[in-house]
Amino acid sequence: MLQWKKKPGDAVAIDEILIEIETDKVVLEVPAPAAGVLVALVVGDGGTVASEQVIAKIDTDGQVAVSPLQIAAIPATTAVAAAPVAASKGDVAMPAAAKLLADNGLSVGDVAGSGKDGRVTKGDVLGAVAAGAKAAPAPVAAKPPAVAAPAAPVALGDRAEQRVPMSRLRARVAERLLQSQSQNAILTTFNEVNMAPLMDMRKRFQDKFEKEHGIKLGFMSFFVKAAVAALKKFPVLNASVDGNDIVYHGYFDIGIAVGSPRGLVVPILRNADQMTFADIEKKIAEFGKKAKEGKISMDDLTGGTFSISNGGTFGSMLSTPIINPPQSAILGVHATKDRAVVENGQVVVRPINYLAMSYDHRIIDGREAVLGLVTMKEALEDPARLLFDI
């Protein structure tokens, strides 16, 4: 839970935002269900709540001012409940996983699912068992959690320190990255792309494109289209692992890594193969705005068969991106810089971008990974290929 927008004694209007609740994926805004006076905070800042749990009370008569000391004496007629998290399939276990859960005395809720739509896979259960997961105890009466707050800075002369607890989003990102590295056999292949042809095409059409579609023509739409071309040619790059099974996806949902004030999020371009360049640019712009405002929804983040991370936005020259489970590959894009290269025996200067694709070697062989990245390179160096699907 994050900071309350109101305090006891404040008047509230119906649908006015009372508090923001942070989940492991998104931040949910909880509006007031009725107008009145906020008389009680059942759970304070930093507390942990469950879906539909009562977190505050509102006096709908709202006739008197209230102080915190008077809260207990005023009858509250309306309870504010925590916003329910959008339903997903995270409560579903794959058949092989269900048997392992039963064998180990675990329930679906005891294991974080990494499968499609959050399904629990066999690998998730094995990882949880190895980590020492235990069956959840019988439910007991809930107590309001203690308020978590950053510790005060420790005075160490001119070497001050401050201990701040991780947000739920940051903790979940950390958990998934460690899971990815421990459960996937990650390798990375690299290639360089001469961006001059793409840059020339973009320069020729960007004004007409913006006038026609109301959005600037960026580079990311070309990277998405190039990635889709490679995934079509080498379907295993678009697949995922479920236990001992390889799941080939007949659709292309591309995750675009976006930085937000609260951490990294990866919203999904669904059916990217059916999107136009304008569709892609508009959707990416929408995701960027929503991430900046903290309004990325659960639906925006659910699913994905392949991801693209653009470290070049921040000036990165080269990196080895980490796979976003349960996906099996991710493309890293970097800053385009003028570099000396050899063409036809001559040293020339070209705008070069280094591409890096990390892949799960359990199901993707080096051949498919390298040729897939070469397909992306060829599409970017000759953008007309994308128009003719060659």
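The expected span of a helix is taken as 1.5 Å times one less than its number of residues. In the predicted model examined here, helix α3, formed by residues 168-183, comprises 16 residues and extends 22 Å from its first C-alpha to its last, close to the 22 Å expected at 1.5 Å a residue. The buried residues of α3 are L169, R172, V173, R176, Q179 and S180; viewed down the axis of α3, these buried residues fall within an arc of 130°, so that they line one face of the helix. An α-helix has 3.6 residues a turn, so residues three or four places apart point the same way. On the face of α3 that is turned away from its buried side, the exposed residues L178 and S182 are found.

At the surface, F190, M317 and L318 together make a nonpolar patch of about 280 Å². Of these residues, M317 is located in the loop between β14 (306-310) and β15 (329-333). With a relative accessible area of 44%, M317 is classed as partly exposed, because this class lies between the cut-offs of 20% and 50%.

A contrasting environment is described for helix α4. Residue A196 belongs to this helix, which covers residues 196-213, and A196 is buried, with a relative accessible area of 19%, a value to be read against the cut-off for burial of under 20%. The C-alpha atom of A196 is separated by 6.0 Å from that of P351, although the two residues are 155 residues apart along the chain.

Notes. Residues are numbered from 1 along each chain as its sequence is written. This is a predicted model: local features need pLDDT of at least 70, side-chain atom pairs count only at pLDDT 80 or more; totals for chains, interfaces and linings use all residues. Side-chain values use heavy atoms; hydrogens and water are left out. Helices (H or I, at least four residues) and strands (E, at least two) are DSSP runs, numbered from the N terminus. Buried means under 20% relative accessible area, exposed over 50%, partly exposed in between (1.4 Å probe, protein chains only). The arc is that of the directions from the helix axis to the C-beta atoms. Patches are made of residues with over 30% relative accessible area and no salt bridge: like charges are joined within 9 Å, nonpolar side chains (Val, Leu, Ile, Met, Phe, Trp, Tyr) within 5 Å. Accessible areas come from the Shrake-Rupley method with a 1.4 Å probe; for residues, only the protein chains shown count as cover. A salt bridge is a side-chain nitrogen of Lys or Arg within 4 Å of a carboxyl oxygen of Asp or Glu.
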